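I set out to record what can be read from this structure, entry by entry. The notes follow the order in which I looked things up.

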Amino acid sequence: MKLKIISFGFSNGIPRECYMIFDCRGIQNPYNDPTTRGLNGLDKRVAKQVLSHALTPSIISSINTFLRYKFSEKKNGTIIGIGCAQGNHRSVVIAEKIASIWRDL
């Protein structure tokens, strides 16, 4: 099964090719913290901040539940979008986390 994950910013529009969209804007935005503002979701400090937020486990769990269902259908694959405001911090961290989980399966 093929999985494509797109990290995007809602301010730029929703990618049309996505089968399902997940919204990470409820997680505290690292952009609002001056120490992480200029960084992106690939930076370890940003990832630590996003992954430690109270909502993050439920967002990751929801995405994984959807993917387990989708792959149980025995389709060729799916494309999901994970979005936040600008697509630089939260969505990148969540997309990377989901990719690492599914890459190892």
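**Entry 1: Val46.** I began with the contacts of Val46, leaving aside its neighbours within four places in sequence. I found Val46 in contact with Pro30, Thr36, Leu39, Asn40, Gly41, His89 and Val93. The model is a predicted one, which I note here for all entries. I placed Val46 in helix H1. Its relative accessible area is 0%, so I list Val46 as buried. I also looked up the distance from Val46 to Glu96: the two are 50 residues apart along the chain, and their C-alpha atoms are separated by 12 Å.

**Entry 2: Ile60.** I turned next to helix H2, where Ile60 is found. Is Ile60 buried or exposed? Ile60 has a relative accessible area of 11%, under the 20% limit, and is therefore buried. With neighbours up to four places away in sequence set aside, I found Ile60 touching Leu51, Ile94, Lys97, Ile98 and Ile101. Asn12 lies 48 residues from Ile60 along the chain, and I read a C-alpha separation of 23 Å for this pair.

**Entry 3: Asn64.** I stayed in helix H2, which also holds Asn64. The relative accessible area of Asn64 is 10%, so I entered this residue as buried too. Which residues does Asn64 touch, not counting those up to four places away in sequence? I noted Ile98, Ile101 and Trp102. Ile98 and Ile101 had already appeared among the contacts of Ile60.

**Entry 4: helix H3.** I then examined helix H3, residues 90-103. Why should its ends lie 20 Å apart? At 1.5 Å a residue, its 14 residues should span 20 Å, and I found the end C-alpha atoms 20 Å apart, which agrees. I listed the buried residues of H3 as Arg90, Ser91, Val92, Val93, Ile94, Ala95, Ile98, Ala99 and Trp102. I recalled that an α-helix has 3.6 residues a turn, so residues three or four places apart point the same way. Against which elements do the buried residues of H3 pack? I recorded strand E1 (2-9), helix H1 (44-51), helix H2 (56-72) and strand E3 (77-84).

**Entry 5: Gly87.** I looked into the loop between E3 and H3, which is the place of Gly87. Gly87 has a relative accessible area of 14%, so I count this loop residue as buried. Beyond four places in sequence, I found Gly87 in contact with Ser7, Phe8, Gly9 and Val92. Between Gly87 and Cys24 I read 9.7 Å, C-alpha to C-alpha, across 63 residues of sequence.

**Entry 6: the protein overall.** I counted 3 helices and 3 strands. From the N terminus on, I read the order of elements as β-β-α-α-β-α. The radius of gyration is 13 Å, close to the 13 Å from the globule rule for 105 residues, so I describe the protein as being as compact as a globular protein of that length. Along the principal axes, I found that the C-alpha atoms fill a box of roughly 45 × 25 × 20 Å. Buried residues account for 40% of the 105 residues. Of the contacts between residues at least 6 apart in sequence, I noted that 75% join residues at least 24 apart.

**Entry 7: surface and charge.** I closed with the exposed area, about 6300 Å², of which carbon and sulfur atoms supply 51%. I recorded 15 positive and 7 negative charges, whose mean positions are 3 Å apart.

Definitions and conventions:
Residues numbered from 1 in each chain as written. Predicted model: local features only at pLDDT ≥ 70, side-chain atom pairs only at ≥ 80, totals over all residues. Heavy atoms only, no water. Helix = DSSP H or I, 4+ residues; strand = E, 2+ residues; numbered from the N terminus. Expected span 1.5 Å × (residues − 1). Buried < 20%, exposed > 50% of the residue type's maximum accessible area, 1.4 Å probe, protein only. Contact = heavy atoms within 4.5 Å. Rg over C-alpha atoms; globule rule 2.2 N^0.38 Å. Areas by Shrake-Rupley, 256 points an atom, 1.4 Å probe, with all protein chains shown as cover. Lys, Arg positive; Asp, Glu negative; His and termini not counted. Charge placed at Lys NZ, Arg CZ, Asp CG, Glu CD.
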